[in-house]
Amino acid sequence: GSDQPDRLRLAVQKKGRLADDTFDLLKKCGLTMSQSKNRLYARVEQLPIDILLVRDDDIPALVAGGASDLGIVGGNVFEEERAAGRLGDNVPMVVPLGFSKCRLCIALPKETIYSAPKDMAGMRIATSYPALTEAWLNENGVEGARTVVMNGAHEIAPRLGVADAVCDIVSTGGTLDANGLAVAETIYRSEALFIGGPLDGRKAEIAEALRLRIEGVQRSAD
Ligand code: PRP
Ligand code: MG
Ligand code: ZN
């Protein structure tokens, strides 16, 4: 656990689409924060919570390792970290939040003829999600396919000749379309997750106060 027993740590994405949705949720929860100068953490004014502003990919391990008590992270990132074995035995509890919905899809150049997973045999697939992609390839008996890890701009990989397909997040589909790609398979449906715990003592009380505010926001949105 963290060293300050009276303040709860909540890890959130520093910048990006998930961050926009997360800050929107916290605002609707009636929470405002004072940002520190270096902007890597912020103090919530209404509850004893410190917000850690980090890369989304780091959130599952920070929570699993106890550096942060709670986190808000995309299911895509959480499941990749889990599938890659980076959470060890300390897999935190998960509550789906219903926002930041997107799909993790394998996409192929529009001209590629595709009817079933076996058509991906031998393909190189550019992705930031090698564990989830490889699990899907194995479950579907795709032979000889392999992943090529890229950290972003995956959709350019087929044009560059470094991959035959991509496995990436699809939200509007605009990026795929603009790069001459089309969805072949949806391998995971993602949304934001509230992760962490079980906690005890004072931290459990603070986490419960936060959870109740989130629940209130979700109820009023229904
Ligand atoms: C995300 C995602 C896709 C794109 C999908 O990329 O990885 O590339 O958005 O959105 P769309 O379906 O609405 O077009 P991001 O902007 O985070 O860039 P990156 O993948 O290069 O990090
Ligand atoms: Mg990221
Ligand atoms: Zn991408």
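## A helix crossing, a ligand shell and some unusual backbone

Helices α3 and α4 are roughly perpendicular to each other (a class that takes in angles of 65 to 115 degrees, with those under 35 degrees called roughly parallel, those over 145 roughly antiparallel and the rest oblique). Their axes cross at roughly 75° and come within 7 Å, with α3 covering residues 75-83 and α4 residues 130-139. An axis here is a line fitted to C-alpha atoms, for helices over the stretch in contact, and angles run from 0 to 180 degrees between N-to-C directions.

This is a predicted model, in which local features need pLDDT of at least 70 and side-chain atom pairs count only at pLDDT 80 or more, while totals for chains, interfaces and linings use all residues. Residues are numbered from 1 along each chain as its sequence is written, and chains are lettered from A and ligands numbered from 1 in the order in which they are written.

Back to the crossing: on the α3 side E79, E80 and A83 make the contact, and they meet A131, L132 and A135 of α4 (contact means C-beta atoms, placed from the backbone, within 7 Å). Sorted by class, this contact has four nonpolar, two charged and no polar residues. In that scheme Ala, Val, Leu, Ile, Met, Phe, Trp, Tyr, Cys and Pro are nonpolar, Asp, Glu, Lys and Arg are charged, and the others, Gly among them, are polar.

Y188 belongs to the same neighbourhood: leaving out residues up to four places away in sequence, Y188 touches N76, E79, L104 and L132. This tyrosine sits in strand β11, residues 181-190. Y188 is buried because 20 other C-beta atoms lie within 10 Å; the cut-off is 20 or more for buried and 12 or fewer for exposed, with partly exposed in between, and the C-beta atoms are placed from the backbone. From Y188 to I214 there are 26 residues in sequence and 25 Å in space, C-alpha to C-alpha.

Now for the ligand. Around ligand 1 we find G152, A153, E155, D168, I169, V170, S171, T172, G173, G174 and T175 (each with its C-beta atom, placed from the backbone, within 6 Å). Two elements, β10 (165-170) and α6 (174-178), give two or more residues to this shell. The largest share, three residues, comes from β10. By class, the shell has six polar, three nonpolar and two charged residues.

Next, the backbone. Most residues other than glycine have a negative phi, and most peptide bonds are trans. Two residues that are not glycine have a positive phi here, as tabulated.

| Residue | Phi | Loop | C-beta atoms within 10 Å |
|---|---|---|---|
| S100 | about 55° | between β6 (94-96) and β7 (102-109) | 24, buried |
| A153 | about 50° | between β9 (146-149) and α5 (157-160) | 13, partly exposed |

A cis peptide bond, with omega about 5°, joins G197 and P198. P198 is in the loop between β12 (192-196) and α7 (201-221).

Finally, the whole protein. It has seven helices and 12 strands; these are DSSP runs numbered from the N terminus, H or I with at least four residues for helices and E with at least two for strands. Along the principal axes, the C-alpha atoms fill a box of roughly 55 × 35 × 35 Å. Of the 222 residues, 36% count as buried. Among contacts between residues at least 6 apart in sequence, 67% join residues at least 24 apart.

Definitions and conventions:
Contact = placed C-beta atoms within 7 Å.
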